[in-house]
Amino acid sequence: MEVLPSFLKGKLSPIMETRLLKLRNVKLLHFLEEAVDLCEPESVYIVEGTEEDISEIRNRALLTKEETELNVKGHTIHFDHALDQARAREDTFILGDRIPFVNTKPRKEGLEEVKSILKGAMKGRVMYVGLYSLGPVGSPAQILAVQITDSPYVIHSENILYRNAYREFEGDKDFLKFIHSKGSQDVKKRRIVIDLDGVVYSVNTTYAGNSVGLKKLALRLTLNRAVREGWLSEHMAIVGLEGSNGVHYVTAAFPSGSGKTSTSMMGRLISDDLAFIMGIDGDVRAWNPEAGVFGIIQGINSKDDPIVWKVLHTPGEVIFSNVLMTPERSAYWDGSGLPEPEKGINFSGEWWKGKKDDQGKPVPPSHPNARFTVSLKSFDNLDPNYDNPNGVKIDAVIFGVRDYKTLVPIAEAFDWEHGVVTMGASMESARTSAVIGKQDEMEFNPMALLDFISVPLGKYVQNYINFGKRLRNPPKIFGVNYFLKDGDKYVNSKEDKRVWLRWVVERLEGRSKALETPIGKIPLYEDLRRLFGEALGKEYSEKDYEAQFSLRLRGYKEKYERILDIYSKIDTPKDILHIIERQIQR
Ligand code: PEP
Ligand code: NA
Ligand code: MN
């Protein structure tokens, strides 16, 4: 492969040509051929991931006006179309057989449709080719991925969020494939099409949840593969909690906007969003597929989120999306605790205090799903093992929900199966702004990944159970809820998370006891009183305990009846149904 194939003639500079040919990767050439024929770009840019490359891509994002520089060095702002601000369920399809809970389309029809929209979409534009590794290079969790896009913003984001791995592509290695075009930004023609053979197409969207292929689009592919291969690809943070006997790493699943990023700031940060989890020699080990954070910014303030606050106010690479840019070119967002500016630029264009949209509704200064994109390396609490090819050993698994009415703040499962089924697979959570739809409605969202499920749910849950059965000593499982209310009032403050996580560590180390109840094991008042004092210097009364840990049994029973109903109607193994039935009986 010394000569350039004809489909690339005239599209590569000499430097780019050398970069590509040096890899001798025929599979990569075939993928480029498909993308070039389809999208008809003017030229092709191969991203090697050198420092010059990274700053060149950043400059191009500024030149195309996809990003604008802010007044802190390295900070930029990006805006998505006002109607393109979140995960787009209605426009996202998995190709092939029907899978309950997600949209599917016959393969031929789906491919024809998205390809007709992508046809010629990159005319007059540069096609960028990003080469990355999900998971640390050289780890059992390494999965290579190629992003093709005509958006420098998308590649800029991926250079921050993922591990550039140009060299790993030498030879004929396999990789996941992502083709994205910002298209004409016509939201009506937005399509995200997932071919489980390993290709994702996305067009007429720039919101990173839909355009940055390696995040939630890759999750559909890796989840499907994990179920086939007997490991777990999860929507989970990974965090190290210090105990008396050293650091205990835990994984934690929460629906978007329900405490995942803040939980990952409570200890040593490995991951804030995704985890590859494998059984190695009878232990559970986990890796972060990502190398950065694409986090929700609303509500981030200096008091509750000191670590993130510092990251967002220190020079260095940060992309803000859909926050307000003030006339001084600084970023403002709702819930920051700072006074609201009089005017600025936001996702709706020019913005002023009191602005209303077409329907007469007030336009907030920052979008509720506004975000920040930043490297893990910017965080003071980054764990040195974040890029360790051996991953970290997992001692506990947390399943968290946003439930205002019923679930206690924390409970421990009786065993692996009980936790997987009655905590993870039974998650129901109030909808947040990360998803288009009515806010605060309760949604069934097992393991916080219903949107990403790419195999039948029963099969997915069975794989989870089997995974634990093969382990020497399965991790303890905990269910948490940071959002319980008594009437209109939250029964906990934000910082109380610290106490629940301390309780997790004490349970692992055998220093706190637990009370067996029908729904699992809950903390004792004496332990919590001690932990509230130790962790927060707070008094903790029996009245607090009662408000938090009285079991709202009617609510629990109704919840598990709903869950049983859902699983009974799909193809669920009988043993799983029995675990739910036993919970209801208890
Ligand atoms: C998304 O799906 O929009 C996304 C980027 O993930 P999350 O909301 O979980 O951060
Ligand atoms: Na990178
Ligand atoms: Mn997420």
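Q: In which order do the five strands of the open sheet stand?
A: This is a predicted model, in which local features need pLDDT of at least 70, side-chain atom pairs count only at pLDDT 80 or more, and totals for chains, interfaces and linings use all residues. Residues are numbered from 1 along each chain as its sequence is written, while chains are lettered from A and ligands numbered from 1 in the order in which they are written. Strands (E, at least two residues) and helices (H or I, at least four) are DSSP runs, numbered from the N terminus, and two strands pair if DSSP finds at least two bridges between them. The pairing in this sheet is mixed, and the order is β2-β3-β19-β24-β18.

Q: Which strands stand at the edges of the sheet?
A: An edge strand here has a single partner strand, so one side of it is left without a neighbour in the sheet. That applies to two strands, β2 (67-69) and β18 (292-296).

Q: What is the average twist from one strand to the next?
A: Angles run from 0 to 180 degrees between N-to-C directions, with axes as lines fitted to C-alpha atoms, for helices over the stretch in contact. From one strand of this sheet to the next, the twist averages 25°.

Q: Which residue in β24 is the bridge partner of glycine 295?
A: β18 pairs with strand β24 (residues 371-375) over five bridges, in the antiparallel sense. Within β24, glycine 295 is matched by phenylalanine 372.

Q: At about what angle to β24 does α5 run?
A: Helix α5 lies across β2, β3 (75-78), β18, β19 (318-321) and β24. Relative to β24, its direction is at about 50°.

Q: Which helix gives the largest share of the side of domain 1 that touches domain 3?
A: The domain assignment, which is automatic or from a database, gives domain 1 (6-66 + 87-229), domain 2 (232-291 + 383-585) and domain 3 (295-377). Five residues of domain 1 are in contact (C-beta atoms, placed from the backbone, within 7 Å) with six residues of domain 3. Four residues on the domain 1 side come from helix α5 (residues 152-161).

Q: How many charged residues does the side of domain 1 that touches domain 3 have?
A: Ala, Val, Leu, Ile, Met, Phe, Trp, Tyr, Cys and Pro count as nonpolar, Asp, Glu, Lys and Arg as charged, and the others, Gly among them, as polar. On this side of domain 1 there are three nonpolar and two polar residues, and the number of charged ones is zero: there are no charged residues.

Q: How many of the 10 residues of strand β25 are buried?
A: A residue is buried if 20 or more other C-beta atoms lie within 10 Å of its own, exposed if 12 or fewer, and partly exposed in between; the C-beta atoms are placed from the backbone. Strand β25 (residues 392-401) is mostly covered, and its count of buried residues is nine.

Q: Which residue in β29 stands opposite valine 397?
A: β25 has several partners, including strand β14 (residues 246-253), which pairs with it in the parallel sense over five bridges, and strand β17 (residues 283-287), antiparallel over two bridges. Valine 250 stands opposite alanine 396 in β25, and arginine 285 stands opposite lysine 393. Strand β29 (residues 476-481) runs parallel to β25, joined by six bridges. The residue facing valine 397 there is isoleucine 477.

Q: At which residues does UniProt place the feature "binding site"?
A: The record is an unreviewed entry; its positions follow the numbering used here, feature names are shortened, and annotations may be inferred rather than shown by experiment. UniProt gives the feature at Lys216, His235 and Asp273. They span 58 residues in sequence, yet no two of their C-alpha atoms are more than 9.9 Å apart, so one spot holds Lys216, His235 and Asp273.

Q: Is lysine 216 buried or exposed?
A: Lysine 216 is found in helix α7 (residues 213-229). Leaving aside neighbours within four places in sequence, its contacts are Arg87, Gly209 and Phe452. Because lysine 216 has 23 C-beta neighbours inside 10 Å, it counts as buried.

Q: Which residues is aspartate 273 in contact with, leaving aside its neighbours within four places in sequence?
A: Aspartate 273 lies in the loop between β15 (268-271) and β16 (275-280). It has 25 C-beta neighbours inside 10 Å and so counts as buried. Its contacts are Ala237, Lys260 and Glu290.

Q: Is aspartate 281 buried or exposed?
A: Aspartate 281 lies in the loop between β16 and β17, and its phi is near 50°, a positive value in a residue other than glycine. It has 7 other C-beta atoms within 10 Å, and therefore is exposed.

Terms used:
Two residues are in contact if their C-beta atoms, placed from the backbone, lie within 7 Å.
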